[in-house]
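Okay, thanks for squeezing me in. Let me put the model up and then walk you through it.

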Amino acid sequence: MKAIGGTAGDLPGAPPAKAMRRAPAARRIVDALRSSEEQLWRWTARVAVVLPLAALVFAITVLAIKAYPAIIVNGWSFLTGSSWTYGSSYGATVHTHGVAHPMGSSFGAWPLILGTIQTSAVAVVIALPISIGAAFALTERLPRWVSQPLGFAVELLAGFPSVIIGLWGILTFGPFLARHVYPHIADHMPDVPVLRYFRNPVGHGEGLLTAGIVLALMIVPIITATTRDLFGQIPPLPKEGGEALGMTDWEVARRISLRWVRSGIIGATVLGLGRALGETIAVVMITGSILHVAPNIYSPMTTIAATILTQLDGALTDGTGFAVATLAELALVLAVISVAVNLVARFIVKRSGRLGGPVGRA
Amino acid sequence: MTPEEQPIKPSPPVEIASGPPSRALDPVLAALDPDRARPAHVMESKALKLSFGAKTILDDIEMRFTRGTITALIGPTGSGKSTFLRTLNRMNDKVVGFSHQGDVTLDNQSIWEPNQDLLTLRRRVGMLFQRPNPFPMSIGDNVVAGVKAHRIAKGKQLDVVAERRLREVGLWDAVKDRLGDSPFRLSGGQQQLLCLARALAVGPEVLLLDEPTSALDPISTEMVEGLVRELTPALTIIIVTHNLGQARRVSDGTMFFYDGKLIEHGTTSQMFDDPRCEQTQNYVTGRMG
Ligand SMILES: Nc1ncnc2c1ncn2[C@@H]1O[C@H](COP(=O)(O)OP(=O)(O)OP(=O)(O)O)[C@@H](O)[C@H]1O
Ligand SMILES: [Mg+2]
């Protein structure tokens, strides 16, 4: 400590050593304060790193404990089966593997798992191109006085209450689609594999496709807002390079800008997908809540999150607690799907990031 | 242009002589030159005035660029060299507030003429920037990015083009085993050479270089300079540089910009050894700028 005070005075051009030197006691206090500050900062950082991870592990652990009886009894067929009966709550209680449950209860979550994946997949397939296009227009195409209020509106929409969107979906949007849009698609689809799934009947607007579209509307703002910020951060030089080479704006956007931020867009998509997977109230309102595998894309169906909400009341009346354990198992499956989606995204980011733009460099 | 119209113009438009006699004056080479039917001046600026908003950056630029020569643009910072250079391939056009008067021609045709296709113009007038700007794609894809965009070649031909251009800039041996890798792990000099290969791949007639070596070490700089010299007379090169030694080493002609004006231009040796204007004298001898 002393050496530092001493050398500063010896530097050419520095004030005389005396003026720089504090009284030794004051110097020690300053040093002690700074090092305790540093300690505090380090610990804060450590806690901040561990906290989210701990919360996640805690939530999944609690779910797993609650779900444990259901996991034992339902077995693997919970993931593949399609029956969903609570059994007789007035009848006898039976024991399987030492777990009490009502006689005749049987649970298979396959339609829900599939429904969750289907609605989210439809949502992402619709939302991603729209979001990228909108983000591109906001950063590159529109004048500032348009893009700024529009961008603000997008951000507002990102946090819009889903119950409002759901209500609008079921009262106005769904019926509109079923009457004026779906018939045009359904009538022109050939009877071949995959496309067969888009054939009649189109129903009344409650179902898989409507839910997917409404979910898309909900996640477009999320992906757009993030992607717009990403586009804004691309350094101008690579884009100018493309222009100077004679590329069109479209080619610059597709071959340079989009690739530059590819990994970031994947991250934004996962955020949106997370919302779609877990969205509950709007999905309850729009899917028609029918517990089966949707026979075509317009058909009513349901998802894991929606089912947990709609079945909870009934499940609480089961004296053995088994129905609640089953819903906990369902929640556990949803949590695992979310984590799996993130891991897959991470893997894709790693692979595509290899050729993406260097982060933190011009 | 008569003296009455341009009373204060320090130097009348003088043509810059071509480089060494072997290039321009050799009758055999001249006869073989496929460009002999075309104008000797590949680009020309006529009474050019460039402004950003109300601010005039450059006024009354009268200049001809002889085909197959290297012209250096020198002058203190902020004197408008980049602005002039970026006008030649119309990179300034979309800059907010930019406006021009006068004209720039490429092969006697105005670059702003309605039937002048912007994409074609930029294919014919290429550009290399101050700092390397590889695209976020593999090294091989970088080289042929422009070729693909202009549909000049496709499929297997692309590999041939990539190899030829990478050999041309002397980068082939360094990257031939990692064509699929990211360009961002190459050194700065290698990245700049890659960008040069990319610019050359579309077959430009004019190449604009804006301080292409200012971010490079001496050895990379020497490599780029050597390449630039080798590219003529097939190409016409216009290079902005703050490095007076570089201007002297590589260029046939030199233009000196100062205070919004083209003060003087002429052959490089004349400009450095016997400048007509005092300001040029001061600048090239390092007493200003
Ligand atoms: N987009 C712009 N809007 C307004 N003024 C600009 C713009 N670009 C450049 N200028 C101004 O034009 C003048 C010339 O700039 P320019 O970049 O051409 O100079 P330069 O000679 O290339 O300088 P340097 O050697 O530092 O690169 C400067 O005064 C600059 O502030
Ligand atoms: Mg410049």
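So, how much area is buried between chain B and chain A? About 2300 Å², with carbon and sulfur atoms giving 60% of that. Buried area here is the accessible area (1.4 Å probe) that two parts lose on being put together, summed over both. In chain B, the residues that lose the most area to chain A are B:Phe135, B:Pro136 and B:Phe184, together 26% of what that side buries.

Quick housekeeping before I go on. This is a predicted model, where local features need pLDDT of at least 70 and side-chain atom pairs count only at pLDDT 80 or more, while totals for chains, interfaces and linings use all residues. Residues are numbered from 1 along each chain as its sequence is written, chains are lettered from A and ligands numbered from 1 in the order in which they are written, and side-chain values use heavy atoms, with hydrogens and water left out.

Back to the interface. Counting contact as heavy atoms within 4.5 Å, 31 residues of chain B touch 23 residues of chain A. There are 3 salt bridges between chain B and chain A, a salt bridge being a side-chain nitrogen of Lys or Arg within 4 Å of a carboxyl oxygen of Asp or Glu. In one salt bridge, the side chains of A:Glu243 and B:Lys94 meet at 3.0 Å, N to O. Keep that pair in mind, please.

Which elements of chain B give two or more residues to the side that touches chain A? They are H4, strand S6 (125–128), helix H5 (139–149) and helix H8 (188–201) of chain B. Helices (H or I, at least four residues) and strands (E, at least two) are DSSP runs, numbered from the N terminus. H5(B) gives the largest share, 4 residues. By class, that side of chain B has 15 nonpolar, 8 polar and 8 charged residues. For the classes, Ala, Val, Leu, Ile, Met, Phe, Trp, Tyr, Cys and Pro count as nonpolar, Asp, Glu, Lys and Arg as charged, and the others, Gly among them, as polar.

Now, empty space. On a 1 Å grid over the protein atoms alone, a cavity is a set of points where a 1.4 Å probe fits but cannot get out; a pocket is an open set with protein on both sides within 12 Å along at least five of seven lines, and lining residues have an atom within 4 Å of a point. Points are joined across faces, edges and corners, and a volume is the space filled by probe spheres set on them.

The largest pocket comes to about 610 Å³. Of its 25 lining residues, the closest to the centre are A:Glu140, A:Lys239, A:Glu243, A:Asp249 and B:Lys94, and yes, A:Glu243 and B:Lys94 are our salt-bridge pair. The lining has 11 nonpolar, 3 polar and 11 charged residues.

The search of the whole structure also finds 1 cavity of 30 Å³ or more, with a volume of about 80 Å³. Its lining includes A:Gly241, A:Leu245, B:Met127 and B:Arg198, and divides into 7 nonpolar, 3 polar and 1 charged.

Last, some backbone oddities. The peptide bond from A:Asn200 to A:Pro201 is cis, with omega near 0°. Another cis bond joins B:Thr232 and B:Pro233, with omega about 5°. And B:Ala47, in strand S1 of chain B, has a positive phi of about 45° although it is not a glycine.
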